[in-house]
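Subject: Structure for you to look at

Dear colleague,

I am handing over the structure below, and after it you will find my notes on what came out of the analysis. Please read them with the model open.

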Amino acid sequence: MTEYLIIIEKAENNYAAYCPDLPGVIATGPTKKETLKLMKEAIEFHLEGLKAEHLCIPEPTTTAESVDVSV
């Protein structure tokens, strides 16, 4: 099992997500939960395609942190 970081952004009427370690793998959905589900499916589909073509599967390298700031 490999874990890839995804970034989720709230748009005006939906959510959008992408994976920095897998350029071009994106998903959008009406809710955050649905977007996460679609993103998981998109990553799995992408990795299956790479395997089928005997291409290297990129190792996850992106990390994220949150910081508290005072305003």
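Read along the sequence, the protein chain follows the pattern β-β-β-α, that is, one helix and three strands, where helices (H or I, at least four residues) and strands (E, at least two) are DSSP runs numbered from the N terminus. Please bear in mind that this is a predicted model, in which local features need pLDDT of at least 70 and side-chain atom pairs count only at pLDDT 80 or more, while totals for chains, interfaces and linings use all residues. Residues are numbered from 1 along each chain as its sequence is written, and side-chain values use heavy atoms, with hydrogens and water left out.

As to the sheet, the three strands form an open arrangement in the order β1-β2-β3 with antiparallel pairing, two strands being counted as paired if DSSP finds at least two bridges between them. The edge strands, each pairing on one side only, are β1 (7-10) and β3 (26-29), and the twist averages 20° from one strand to the next; for angles, axes are lines fitted to C-alpha atoms, for helices over the stretch in contact (heavy atoms within 4.5 Å), and the values run from 0 to 180 degrees between N-to-C directions.

Between β1 and β2 (residues 15-18) there are four bridges, and a hairpin of four residues makes the connection. Within this pairing, Ile7 has Tyr18 as its bridge partner, whereas Lys10 stands opposite Tyr15. Strands β2 and β3 are likewise antiparallel and are joined over four bridges, with Ala17 standing opposite Ala27 in β3.

Helix α1 (residues 32-52) lies across β1, β2 and β3 and runs at about 155° to β3. The count of salt bridges comes to two, taking a side-chain nitrogen of Lys or Arg within 4 Å of a carboxyl oxygen of Asp or Glu. One of them links the side chains of Lys37 and Glu41 at 3.1 Å, N to O; because these residues are four apart in helix α1, about one helical turn separates Lys37 from Glu41.

Turning to the overall dimensions, the C-alpha trace spans about 50 × 25 × 20 Å along its principal axes. The radius of gyration of the protein chain is 14 Å, whereas a compact globule of 71 residues would have one near 11 Å, with the radius taken over C-alpha atoms and the globule rule being 2.2 Å times the number of residues to the power 0.38.

Finally, Val71 is found in the segment after α1.

With best wishes
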